[in-house]
Amino acid sequence: MLHEVLIALTGNPGNIFVEQGSSGNKYYDNLQNKSYGFKVAECVTFIGPSEKEELEDLVDVGFRYKRLSTLIDNQLNRPKSSYVRVMCMAMKRIADEYTMEVAKVEKQILSVSMKSYLTIAHLRHTFSSYKTLFTYFFDILCECESLSLCGGELLNCLHEKCKVCAPALKTYLKYVLSSVERTFYRQLLSWVSEGLVNDRFHDFFILERDMDRMHSKSNIINRNIVDNNRYNNNWGKQQHLKSALRHNKQYVDAFSAERAWNLQFVLRLDRVPTSYISYEIAEKVLFIGKVVKLLSEFRKLINRDRDSPS
């Protein structure tokens, strides 16, 4: 019987415990409905009503673990946010600790000296905290999916939940929050120190726009002048066109630099983690990164002119 219980605790119902309820994607409804979960099979007649209730309450932890693991895997298989991905990986590591705890209990069961002490009440006491934890994690993931939380919104959500959660859950939730914070701080450090936006899923509160169209327009202007130069054999006109090309290039470079300063990097107010920085600080961070980016590009131009033959 204990082995069947341990198997159910790892999210795998067997012959004694069967899963009842829908197997679709509405996991939140399944967790809230008490008729869903791992239940003692009707064919099992050697278990009394009180024992049946205790066993079902115990293996309900395994059912919640299974639902949480399924939702985590779905998020990791189709990532829409690097912050959500990091959060799911942190939750998965905590869930893995739970399975290691189940394996530890199994090892104790196999030990003859400990077998008499491992009752159903002992197992319920051992895994009761995980039941609340898995439910809390599941609710967070459902909220993130339903509201499409990412970036600063997700950080604000986790920060608020960490302040109001039960003390027994705070250690685990702080671990999840710190994992997401590290991702945010790496992006912030990359921006203020190098002027780079490392943001594949647009979680960061600074958005880098694609400026290829602006560069393509500049190339078209230069290409048209060069084409006119080909069709003019007069030496004076050629010199005039070359001079115009140089002036035009300077104009285009200045125009491109101004456009890049004003439009390439913009502040996304909905991504600002207001639990950490205010909107005023976010604007200053935007300015610092733009200056660092400008100085970096200017340094590249100086080095290129220095290395080019005169």
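**A walk through the core and its rings**

With a relative accessibility of 2%, F184 counts as buried in this predicted model, because buried means under 20%. Its sequence neighbour makes a useful companion: Y185 has a relative accessible area of 42%, so Y185 is partly exposed. The rings of F184 and Y185 form a tilted aromatic pair, with 5.4 Å from centre to centre and 50° between the planes.

Another tilted pair is made by F204 and F205, whose ring centres lie 4.6 Å apart with 45° between the planes. Both F204 and F205 are buried. If you follow F204 outward, leaving aside residues up to four places away in sequence, you will find that F204 touches F184. Other residues that F204 touches include Y83, L188, W191 and V197, along with D199, R268 and R271.

Now step back to the interior. The largest nonpolar core has 73 residues, and F204 and F205 are among those with the most contacts inside it, as are L9, M87, Y98, F127 and I206. Several elements each supply at least two residues of this core, among them helix 1 (2-9), strand 2 (37-40), helix 3 (49-77), helix 4 (82-110) and helix 11 (279-307).

Aromatic rings are a good thread to keep following. The structure holds 15 aromatic pairs. Y98 and F127, which we met in the core, also belong to one aromatic cluster together with Y65, Y130 and F134.

Finally, look for a ring with a charge as its partner: the charged end of K290 sits over the ring of W261, 4.6 Å from the ring's centre.

Key:
Residues are numbered from 1 along each chain as its sequence is written. This is a predicted model: local features need pLDDT of at least 70, side-chain atom pairs count only at pLDDT 80 or more; totals for chains, interfaces and linings use all residues. Side-chain values use heavy atoms; hydrogens and water are left out. A nonpolar core is a set of buried Ala, Val, Leu, Ile, Met, Phe, Trp, Tyr and Cys residues joined through side-chain atoms within 4.5 Å. Buried means under 20% relative accessible area, exposed over 50%, partly exposed in between (1.4 Å probe, protein chains only). Helices (H or I, at least four residues) and strands (E, at least two) are DSSP runs, numbered from the N terminus. Contact means heavy atoms within 4.5 Å. Rings of Phe, Tyr and Trp (its six-membered ring) pair if their centres lie within 6.5 Å; planes under 30 degrees apart count as stacked, over 60 as edge-to-face and the rest as tilted. A charge sits over a ring if NZ of Lys or CZ of Arg is within 6 Å of the ring centre and within 35 degrees of the ring normal.
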